[in-house]
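Please open the structure in your viewer and keep the selection tool at hand, because this tour moves from one selection to the next.

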Amino acid sequence: EDLDMKGMSQALQFGKSVADNGWGMFTSFLQYKLNEQGKQLIKIDKWFPSTKTCSNCGSVKEIKLSERTYRCDCGLNLDRDYNAARNIKKEGIRLLASA
C-alpha cells in the first residue's frame with residue numbers, strides 16, 4: 001500500500017521522524033530486487049479504504065483509529081490490521097489481473 005508520508009507527518013504529529021524514514025528509497029530498493037527475481041511491485045492507491053472495508057462481504061464502514069477490532073454486520077470479527085492486509089492482498093491481485 002502506498003503511503004501518504006507528508007500527510008502522516010502532519011496529521012499524526014510524528015514530524016520529522018516520519019519524513020526521514022526513507023519510504024521512497026525502500027520502495028525503490030524493493031522494486032529493484034523484485035525486478036531481479038522476475039517479479040513486480042504492485043502499489044495500492046494510498047486512498048484505498050483497506051481499513052474501512054470488510055474483507056468478507058465488501059461493505060464499507062467508518063472505523064476510528066482507536067478501534068483495534070473490525071466488526072461487520074456479516075459476522076466478521078478480525079484484528080483491523082489483519083482485515084486491512086486481506087483487503088490489500090485482494091486489491092493487489094485484482095490490479096495484477098487487470099494489467
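Which kind of contact do the side chains of Lys33 and Glu36 make when they meet? Bear in mind, as you select these two residues, that the model is predicted. Their side chains meet in a salt bridge, with N and O 3.5 Å apart. Lys33 and Glu36 both belong to helix H3, which covers residues 23–36, and because they are 3 residues apart there, about one helical turn separates them. An α-helix has 3.6 residues a turn, so residues three or four places apart point the same way. If you show the surface, you will find Lys33 partly exposed, with a relative accessible area of 44%.

Stay with helix H3 and select the whole of it: its 14 residues reach 20 Å from the first C-alpha to the last, which is close to the 20 Å expected at 1.5 Å a residue. Then select Gly38, which follows H3 and has a positive phi, near 80 degrees.

Next, select Glu62 and Lys52, which form a salt bridge whose closest N and O atoms are 3.6 Å apart. This pair links distant parts of the chain, for Glu62 and Lys52 are 10 residues apart, each of them in the loop between H3 and strand S1 (69–71). Glu62 is exposed, with a relative accessible area of 62%, whereas Lys52 is partly exposed at 31%.

Now move to helix H4, residues 80–98, and select Glu91 and Arg94, which are 3 residues apart in this helix and so are separated by about one helical turn. Their salt bridge brings the closest N and O atoms to 2.7 Å from each other. Is Glu91 buried or exposed? Glu91 counts as buried, because its relative accessibility is 13% and the cut-off for buried is under 20%. Its partner Arg94, by contrast, is partly exposed, with a relative accessible area of 46%. In the whole model the count of salt bridges comes to 4, and this tour includes the pairs Lys33 with Glu36, Glu62 with Lys52, and Glu91 with Arg94.

For the last stop, select Cys54, Ile63, Tyr70, Cys72, Leu76 and Leu78 together, since these 6 residues make up the largest nonpolar core. Within this group, pick out Ile63 and look at what surrounds it: leaving aside residues up to four places away in sequence, Ile63 touches Thr51, Lys52, Thr69, Tyr70 and Arg80. Among these contacts of Ile63 is Lys52, the residue you have already met as the salt-bridge partner of Glu62.

How values were computed:
Residues are numbered from 1 along each chain as its sequence is written. This is a predicted model: local features need pLDDT of at least 70, side-chain atom pairs count only at pLDDT 80 or more; totals for chains, interfaces and linings use all residues. Side-chain values use heavy atoms; hydrogens and water are left out. Helices (H or I, at least four residues) and strands (E, at least two) are DSSP runs, numbered from the N terminus. Buried means under 20% relative accessible area, exposed over 50%, partly exposed in between (1.4 Å probe, protein chains only). A nonpolar core is a set of buried Ala, Val, Leu, Ile, Met, Phe, Trp, Tyr and Cys residues joined through side-chain atoms within 4.5 Å. Contact means heavy atoms within 4.5 Å. The expected span of a helix is 1.5 Å times one less than its number of residues.
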